[in-house]
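Welcome! Please take a moment to look over the sequence and the 3D structure shown below, and then read on for a guided tour.

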Amino acid sequence: MGYVDVSTAGHNPLGPVRTEPPSCALYAQQNDTCFLVVDENNYYMSAKQVPKMILIRTSFSEDRKNLILSADGKPDISVSLKQEGELIHSKIYAMGCSGIHCGDEVATWLSEFLGGTYRLIYCSEELPGKKLQENPLVGHLMKKNEATLFQDIAHFTLLSEASVADLNTRLEEQVTVKNFRPTIYVKDCSAFAEDFWKYVKIGFNAELRFTFHTVRCKFTTMDQETGTYHSDEPMKTLKEYRQCYDFAADRKIYGDFPVMASCMNTETDGVIRVGDPVFALLQYQEHIRE
């Protein structure tokens, strides 16, 4: 069985899919995934560890040569994508990574807003990135030489609008796509259809490969507007019907955490636009049970 028409690329309110985006291969060099906040020990920081970070807004200058950071009560600060500072070595989930220190001005801006000692580092396309086969849990699912910049453990995460809608039918307090922060958001398919997509073609050139289901954690329970935790939802409900049970390999990867969305890596570079048709080569999954 070959590729079948399964969905449509939708508008992502988090911004990665635009009407005129870069190619998949260039996406990481032209988006905020090539920047990382580290603490005084050069350990990577995210909103999981520093919830207030969710309140920082990112954008790019019109010429795409500068990242702009914005936050309430702070003047915007511009960071050049051409950095020549100190090389900083860090780790993300046991995988080594490196980036160039973006300077004291933005370090001070971050430290004042977040309340601590933080620096911003930048991984340019000249740096090697993280080798995904080094990941102790999912490295065996990766191809040789596959790498990311500062994304956790895959090039992209893909989630459907219908999956979020299905979850909301089970919740008293509604969530949005922002709680899950996918890079690719699709519509016009059934709930959790993305579980079954082994390979995905979007438009007529970009091709992505399923690697594993996206594990969900406490971060999904954060109020995306305030950066505070106030509920155990949607994690409590997701654990009731979105856990991988059957295979020992699944248990090693997913443990007791629920899954929602698919981690995808680039097979063939291409451009993704809102409204593009989505085609998939299907795989059978019986190990996610309600």
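The briefing below goes from the overall picture to the individual sheets, helices and cores.

What you are looking at is a predicted model. The protein has 290 residues, and 53% of them count as buried. Its secondary structure comes to five helices and 21 strands. Two sheets get a closer look here: a barrel of seven strands and an open sheet of three strands.

**Confidence and overall figures**

- The mean pLDDT of the protein is 85, with 88% of the residues at 70 or more.
- Please be careful with residues 16-30, where the pLDDT is below 50; beyond near neighbours in sequence, this stretch has 49 contacts in the model.
- Residues 286-290 also have a pLDDT below 50, and this stretch has 24 contacts in the model beyond near neighbours in sequence.
- Among contacts in the protein with a separation of 6 or more, 70% are between residues 24 or more positions apart.
- About 13900 Å² of the protein is accessible surface, and carbon and sulfur atoms account for 50% of that area.

**The barrel**

- To follow the barrel around, trace its seven strands in the order E1-E13-E12-E19-E15-E14-E20; their pairing is mixed.
- From one strand of the barrel to the next, the twist averages 40°.
- Strand E1 (residues 4-9) pairs with strand E20 (residues 277-282) over four bridges in the antiparallel sense. Within this pair, Thr8 stands opposite Pro277 of E20.
- Strand E14 (residues 197-202) is antiparallel to E15, and four bridges link the two. Here Tyr199 faces Arg209 of E15 as its opposite number.
- E14 and E15 also make a hairpin with three residues between them, and Gly203 in the turn has a positive phi of about 70°.
- On E15 you will also find seven bridges to strand E19 (residues 259-268), again running antiparallel. Phe210 stands opposite Met264 in this pairing with E19.
- Strand E15 (residues 206-215) is largely enclosed by the rest of the structure, because nine of its ten residues are buried.

**Helix H3 against the barrel strands**

- Helix H3 (residues 161-168) is mostly covered, with six of its eight residues buried.
- The buried residues of H3 are Ala162, Ser163, Val164, Asp166, Leu167 and Asn168.
- What do these buried residues of H3 pack against? They pack against strand E12 (156-160), strand E13 (184-187), helix H4 (235-241) and E19.
- H3 lies across E12, E13 and E19, and runs at about 60° to E12.

**The open sheet and helix H2**

- Three strands make up the open sheet, in the order E4-E5-E6 with antiparallel pairing.
- The edges are strand E4 (57-60) and E6, each of which pairs on one side only.
- On average, neighbouring strands of this sheet are turned by 25° against each other, direction ignored.
- E4 and E5 are joined in the antiparallel sense by four bridges. Look for Phe60, whose bridge partner in E5 is Leu67.
- Helix H2 lies across E5 and E6, at about 140° to E6.

**The nonpolar cores**

- The largest nonpolar core has 39 residues, and the members that touch the most others are Phe35 and Leu110.
- Several elements give two or more residues to this core, including strand E2 (35-39), strand E5 (66-71), strand E6 (74-80) and helix H2 (104-114).
- Which element provides the largest share of this core? That is H2, with five residues.
- Leaving aside residues up to four places away in sequence, Phe35 touches Leu67, Val79, Leu81, Cys102, Leu120, Ile121, Tyr122 and Phe150. Leu67 is a residue you have already met, as the bridge partner of Phe60.
- There is also a second, separate core of 18 residues, which includes Phe156, Ile184, Leu208 and Met264. Met264 appeared earlier too, standing opposite Phe210.

Key:
Residues are numbered from 1 along each chain as its sequence is written. This is a predicted model: local features need pLDDT of at least 70, side-chain atom pairs count only at pLDDT 80 or more; totals for chains, interfaces and linings use all residues. Side-chain values use heavy atoms; hydrogens and water are left out. A nonpolar core is a set of buried Ala, Val, Leu, Ile, Met, Phe, Trp, Tyr and Cys residues joined through side-chain atoms within 4.5 Å. Buried means under 20% relative accessible area, exposed over 50%, partly exposed in between (1.4 Å probe, protein chains only). Contact means heavy atoms within 4.5 Å. Two strands pair if DSSP finds at least two bridges between them. Axes are lines fitted to C-alpha atoms, for helices over the stretch in contact, and angles run from 0 to 180 degrees between N-to-C directions. Accessible areas come from the Shrake-Rupley method with a 1.4 Å probe; for residues, only the protein chains shown count as cover. pLDDT is the predictor's confidence in each residue, from 0 to 100.
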